[in-house]
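Welcome! Take a moment to look over the sequence and the 3D view before you read on.

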Amino acid sequence: MKSENYILLVVNPIAGDSEKDTIIAAVESEAIKRNYSFQLYKTSGKADKKAINALIEKLKPTRVLVAGGDGTISMVADCVLKKDIILGIIPAGSANGMAANFELPQTLSQQIEIAFSDIALAIDILIINERICLHIADLGINAELIKNYENSGIRGKLGYFLQSIPTLINSEHPFYFSIETEEGIIEESGILLAIANANKFGTGATINPHGKINDGKFEVLIFKNLDFFEIVKTIQEKPEMSSDFVRVISTKAAKISCKTKIPFQIDGEFLEEITSVTAIVSKNKLKVAVPEKFCNLHTINANYEY
Ligand SMILES: Nc1ncnc2c1ncn2[C@@H]1O[C@H](COP(=O)(O)OP(=O)(O)OP(=O)(O)O)[C@@H](O)[C@H]1O
């Protein structure tokens, strides 16, 4: 065994309300098969980032795998960023937005195959209010739903489902946003403002069909109303949504101000109710192991400057 060649597996034991022993055993077995030394870290919800950083410093793994929801994936991504480490994702959350975006397969054995493969895409990351965002942050009813879900104590898809109707009834939308980009200032009201690096929410809803995760830009999308027919369109891969339903601004940086405090989430994790958000594309890219098909779709990387 090459003792210097470590694989670190970070597991969130409570993510998605599912058992993780099967994942741990399968990853460990694959690591041994490929002559890696294997180290497991189970998150506790307290000081995990510090502990993971210490393990990375000590073991110098060439690859870090993460089994959890988007919140855990984002935390681990922050630990491997700026280091020569490939991130492998085993989706195990309630709503796996990153996995949906990377078109990761459904079966554990296929997910492990990809997480160990050398096909890696260097993706953009966003810095939003000084935190890392890989996927989608938003202000409004989706963040409110996540807040109610996290407070309910019922995890998994059922937890989201049970909170969806009360959230819609009790939400104080519309919210009023002012968005400042290099193009100027725009005022708009809506139910939800998304800051999207990727295309889809964890539910699979495509809210940003034309966004590219490695083009050096992100999209600010203001969803103006709860138009049922437009919402249904988001189950398609490339929905053409009406401009009466959503306004899209593609940019490298944005400052968003709100008149009142609005629920805010990043990568599926409710943070707080806030009145201002700044978002910028970071120069640091993150290497993520992805399916070959997904990687090929992104190989014609635009020449861009930050
Ligand atoms: N052992 C633990 N006990 C309680 N909470 C934990 C533990 N480990 C991590 N957490 C918390 O889990 C949250 C992250 O959850 P994660 O996003 O991985 O899963 P999820 O919420 O089920 O999935 P998703 O984000 O896809 O909906 C963080 O708030 C973190 O503090």
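By class, how many nonpolar, polar and charged residues does the shell around the ligand have? Keep that question in mind while we set the scene: this is a predicted model, and the protein has nine helices and 16 strands. The answer to the question is four nonpolar, 14 polar and three charged residues.

**The ligand and its shell**
- The ligand is surrounded by 21 residues.
- Gly45, Gly69, Gly71, Thr72 and Gly93 are the closest of these.
- Helix α3 supplies the largest share of the shell, with three residues.
- Where does the ligand lie relative to domain 1 and domain 2? Both domains give residues to the shell, so the ligand lies between them.

**Two domains**
- The domain assignment splits the protein into domain 1, made of 6-125 + 284-297, and domain 2, made of 131-281.
- Taken over C-alpha atoms, the centres of the two domains are 25 Å apart.
- Where they touch, domain 1 contributes 23 residues and domain 2 contributes 25 residues.
- On the domain 1 side of this contact, the elements that give two or more residues are α3 (70-80), α4 (97-101) and β5 (120-123).
- Helix α3 gives the largest share of that side, five residues.
- Sorted by class, the side of domain 1 that touches domain 2 has ten nonpolar, nine polar and four charged residues.

**A helix with two sides**
- Now have a look at helix α5, which spans residues 108-115.
- Its buried residues are Gln111, Ile112, Ile114 and Ala115.
- These buried residues sit on the same side of α5 because they cover an arc of only 160 degrees around the axis.
- A general rule is handy here: an α-helix has 3.6 residues a turn, so residues three or four places apart point the same way.
- Which residues are exposed on the other side of α5? They are Ser109 and Gln110.
- The cover over the buried residues of α5 includes α1 (21-33), β3 (63-68), β4 (86-91) and β16 (286-289).

**The protein as a whole**
- Of the 306 residues in the protein, 42% are buried.
- Among contacts with a separation of 6 or more, 72% come from residues 24 or more positions apart.

**To take away**
- Helix α3 is worth finding in the 3D view: it gives the largest share of the shell around the ligand, and also the largest share of the side of domain 1 that touches domain 2.

How values were computed:
Residues are numbered from 1 along each chain as its sequence is written. This is a predicted model: local features need pLDDT of at least 70, side-chain atom pairs count only at pLDDT 80 or more; totals for chains, interfaces and linings use all residues. Domain bounds come from an automatic or database domain assignment. Two residues are in contact if their C-beta atoms, placed from the backbone, lie within 7 Å. Helices (H or I, at least four residues) and strands (E, at least two) are DSSP runs, numbered from the N terminus. Ala, Val, Leu, Ile, Met, Phe, Trp, Tyr, Cys and Pro count as nonpolar, Asp, Glu, Lys and Arg as charged, and the others, Gly among them, as polar. A residue is buried if 20 or more other C-beta atoms lie within 10 Å of its own, exposed if 12 or fewer, and partly exposed in between; C-beta atoms are placed from the backbone. The arc is that of the directions from the helix axis to the C-beta atoms. A residue is near a molecule or strand if its C-beta atom, placed from the backbone, lies within 6 Å of it.
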